[in-house]
Every structure is written in structure tokens, then in C-alpha cells.
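Here is a short report for a reader new to this structure. Have the sequence and the 3D view at hand.

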Amino acid sequence: MTTLSPPTMAGRPAAPPPRKRSTRRRSWVGWGFIAPFMVVFALVFLAPIAYSIYLSLFREQMVGGTSFVGLDNYQRAFDDPKFWEALGRVSLFLVIQVPIMLGIALLVALAIDSGRLYGKNFFRIAIFMPYAVPAVVATLMWGFIYGSRFGLVGNINDTFNVSLPNPLSPDLVLASIGNIVTWEFVGYNMLIFYAALRVIPHSLYEAAEIDGASQLRMITAIKLPAIRGALVIATIFSIIGSFQLFNEPSILQNLAPNAITTYFTPNLFTYSLSFSGQQHNYAATVAILMGLLTMVVAYVVQLRGMRKEA
Amino acid sequence: MAATTTRTRRPGPALRQRRRRPHSVNHPRRSTLLTVLTGLVLVYSLVPLAWLAINATKTQPGLFDSFGLWFDSDFALWSNITDTLTYDDGVFVRWLLNTLLYVVAGAGGATFLAVLGGYALAKFQFPGKRAVFAVVIGAVAVPGTALAVPTFLMFSEMGLTNTPWAVIIPSLISPFGLYLMWVFAADAIPGELLEAARIDGASELRTFFRVSLPLMAPGIVTVLLFTMVATWNNYFLPLIMIKDPDWYPLTLGLNAWNAQASTAGGEAIFNLVITGSLLTILPLIVAFLLLQRYWQSGLAAGSVKE
């Protein structure tokens, strides 16, 4: 994702790099095609980034108006226990939910690709379907299911006369959110892995079989190395997604107001800072810190993922 | 694609000699155990959707009285749909039309820009190309919400908040779509074909529309579907940009209906929230099912090549 040359897939002839494609002079014709994208991109990506950096260096006060405060806002964030609590929560989410989700997705992709399933096309489509469900609907749906009144949890409690722990209690709500996110994105990641597995040349498997390699050995020696690129990409997207966690906790807030605070995740924190607290400068600061952190972690994952390949 | 032909080819003479081993790599034995294990994930994926479909047939009291995964004696799906569409002077229909507007303008525009840009990156050399690529790829890692607050402030100074533009304009940029189109165009359009068109004297625009666009079709369908899902499902952006319920998309509207129950004096309409949710997801599921040939080949060619 952050390479500057066209991506290539191991074991597959690479697309010819555009540079070598022709001996034609560099010309501005290409700009005619990319200019519309870049104009809008500048308006909705570059300008807001520049503006939030600008905002983060100022402070708005009741008395005296807006004044330049240098890095004071950043200092404030580093000293803010709410910021650290929110960051700690999404980090915990990241290290538990992402491996579970990607692990299930990988296992399902391997199972479908192995050709050993009955009705594999149905599996592929049906497991992917939750991806088409909006986060709002997914959260409402799971929120109802979690509910003790008319949800499945309530049904089970009534039917078996037990009392399951309430999934929306403060202790469990993060795990409940993890379940919703896993449900939404297992199929999507599975499809990315599956598509990568499909382009592995089958001659490799035949050769391995002649050599007497076991199924497990084929997976670890051929399949996993071949889809490393897809694994790295899926991991990076999942990390970005975890740090950005907002929709699910924000919507569950209606159902579990006591379990989800206004600073449950960093994004929820920035949102409430700017839209209930009118603290735009501080909100911009927290947003920038999260953006930087996300980029650093994504970059490290990419470096590690690629280094193992060498 | 090479892999597809490998997979579907008839057993050649070489393979036929190994007939004694019926379960070769290309024709493995089906496994009931593996099917059942994968079936667990399948059940996990489908049970909530089944819950939604079943409960859309229940009345508000029926929701509380009956078991979640089975039908109530009273089959109220049709009246629920009618009620959903007419509640509060048909505001649901208004939200549906808003969503369609955001999807057509936002996802359509995003796909158009991504196709043009991806084509430029794949097939042209131009000054600053590496810089363009580095900036766009770097931007993918920037969390959307880091941009949301400053975008909101900028748009509110431009007088765009609370109008459809505030939702449509940010939806126009899909870095992932640009990346997908770039990889796809690099593969699908042979450089020689472009050279031939140019030698024949076709203008760049004519070449693009007559030669390149048809070749990029599967990639375009893929990007269109994924940007459609992104705009149809968008929640955060309209949440901060739109305060007027008349401009809500479905996602915000459904959440507002759900929240209504917990406000003082608000009428609980969970049956309408559930039916509305079902109506909201149906179009996308149908689109994915109908277009699966296209997006699966587009995704296979694009997103995974790195």
C-alpha cells in the first residue's frame, strides 16, 4: 500500500511498470485525467488536514478570543486521563478482536479454497453478506439481540430459566462491540484472502503433492507466503478500523448509556469534544494524534510484513 | 486469468495417467467435517439476518411476547411495511430518496473520478506522478474522523452544512477505489492498443471512452459496488453534517427512530425500526447477488495483487 512501484503478486508475472511501457515523453496529458480527482482530494483531504494542524495550535477562550498556544493542546492531551483511557480501550480491542476476526476469515478462506466443502459458492456469498449491512443496522440488530427484553439473550434467559450476563453491561460491552465488528467484517476479509488464494498457480500444489507434502505443510509453505500481501493489507485496514471505532459504540449508547461514556473511544471523544463541548481546537489535536498514531502503526506493520518476505 | 484456466482445465493426458488416484489436488475429496465446521461461521453470519427478517413480521407487542427466532401467530410484515413507509408523513420514503441521491451522486461521482485517475496513473507518465501517488496512499491511513471535524468547520464557513453537498462532496473521494482502478487498468488495457488508437489519430478522450472504458468494466462495477456500500452505509459523515431530519439518510433516520423510545414521551416503534432496517439492507444484498460475477473478478484482479 505504501510502495511506490506497481504492486505485484508473487508467483504471477507482474504488470509491466508504466515507466517502461513506452518510450513516449512525459507529458501533461495524464493530468487531464487525474486533475478532477486531485481537485476534490485537495478540498476534502488536504485542506482539512492543514486546517486541523492550524486549529491544534490555537486556543479559543471566553475572554481574549483565539490565541496562539503552540503545542499546549498536545501537552494537554498527553496529560488527559480520558484520552489515555480511550486509547487504551481501542488498543485492547485491536489486539483481541483483529486477530480473532482475521483468523476466522483466513480459516474460512482456506476451507473454501481447498475445494473440500459441499456448496462452496453458497458459503462464500452467505458469509460475505453481512458486509452489505450498514453498521447502523448491524448495531441496532445486535443491540436488540443482546437486549434482555425481546432479544435472544432475554429469550434464552426465559426459556432455560437462567440469567446470562448482560452483554450491554460495562464489563462486557467492549466484547459485545467486538462481536458486532467481527460479524460485519469476517466475510469481507475472507473474500480478500480467498481472492488471493485463487491466483496461486496450481502447478505448485501438484509439485508439492508429488513431493508428499501434507495439507498443513502446503498451507504453511505455499499458501500463506503467497497471500502475505493480502494478509498485510487486511491487517492494516483492520488496525485503521479499530483506531477509528465510532459507529457501533455511538449507536449502542442509546441502549447502554451507562456502559458507554462520552470518551469510550478516541473518536467518540473528539466527537463529543467538538459537538457537545465546542472545544474544536482540542478535538482537532486529539484527531491529529490519532491520525499520526494510526499511520505509524500501519507503517510498522507494513515494514514487518514485508521484511519477513525478504 | 491464468489461475482460472488452470483450475477449470480438462484433465490433460498427463493427469489422465494418474487416474488411479481419484482425489488429486485439483479434485479433492469433499469433507463433511470441514463443511460442518465452516457451517458454524455460516450460521453465525446468517442468524442475525434471519432474526431481522423474522422479527420484521411481528407487531410491537408481538416482539416482546414471542421467541426471537420464530414467527409470532400474528404475521404483520405487510402492515409493518405500510406503517414504516407512512409513519410521520412518510419520512422513511424521504430518507430513502435522500440516500439514493447520496449514493447516485456520491458513489457515482467517486467511481467516475477513480476511473479517470486510475487510468491516468496506470497508462500515462506525467510530471509529479510519484508525488500524487505518495500523497493519496498516505491519505488512506488518515482516519476519516480526523478529517471530519475540520471538514465540518470548513463546510460550515462555506455554508454547506445541512445541505446534501456536505454529504456528497466528501463521498467523492475513494482512495481505495483509485488504487483498485489503477491496478486494474494497468492489467486490463494493453499499451499497444492505446498506441494503435493514437496512430489512427484518435484523440485521448476518444481513446479513453471507446477503447479503455469497455476494458475496465469489471473493475468499474467493483469500485461502484464498494463505493455504493460506503455511501449507503455512511453514518458518521451525515451525523456531523446534517441536523435537519429532512436531509437524513436512512442510517441516521433509523437511529433516530430507535432513540425515540428512550426520550421522554417518545413512542417506542421497534417494529418499524426492525422493518425499516430490513428494507434498508435489501437493495444492497440484491445488488451484490445480481452482480457477483463482476465484483468477484474485479476484486480478484485488484485488491489482492500486492
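A residue is called buried if 20 or more other C-beta atoms lie within 10 Å of its own. The model is predicted. B:Tyr179 has 24 C-beta neighbours inside 10 Å, so B:Tyr179 counts as buried. B:Tyr179 sits in helix H9 (residues 175-188) of chain B. Its C-alpha atom is 9.1 Å from that of B:Gly117, although the two are 62 residues apart along the chain.

Now the contact between the chains. On chain A, 103 residues are in contact with 100 residues of chain B. Helix H2 (residues 29-56) of chain A supplies the largest share of the chain A side, 19 residues. By class, that side of chain A holds 72 nonpolar, 22 polar and 9 charged residues.

Next, the core. The largest nonpolar core has 166 residues. Among those with the most contacts inside it are A:Phe193, A:Met190 and B:Met181. Helix H8 (residues 173-198) of chain A gives the most to this core, 17 residues. Domain 1 (29-70) and domain 2 (80-309) of chain A each contribute at least three residues to this core. Leaving out residues up to four places away in sequence, A:Phe193 touches A:Ala105, A:Leu106, A:Ala109, A:Ile227 and A:Ala230.

An unreviewed UniProt entry lists transmembrane regions in chain A, including residues 122-145 and 172-197. The table describes these two spans.

| Span of chain A | Distance between end C-alpha atoms | Helix | Strand |
|---|---|---|---|
| residues 122-145 | 25 Å | 75% | 0% |
| residues 172-197 | 36 Å | 96% | 0% |

Notes
Residues numbered from 1 in each chain as written. Chains lettered and ligands numbered in written order. Predicted model: local features only at pLDDT ≥ 70, side-chain atom pairs only at ≥ 80, totals over all residues. Contact = placed C-beta atoms within 7 Å. Helix = DSSP H or I, 4+ residues; strand = E, 2+ residues; numbered from the N terminus. Nonpolar A, V, L, I, M, F, W, Y, C, P; charged D, E, K, R; others polar. UniProt positions renumbered as here; feature names shortened; annotations may be inferred. Buried ≥ 20, exposed ≤ 12 C-beta atoms within 10 Å, placed from the backbone. Core = buried A, V, L, I, M, F, W, Y, C linked by C-beta atoms within 7 Å. Domains from an automatic or database assignment.
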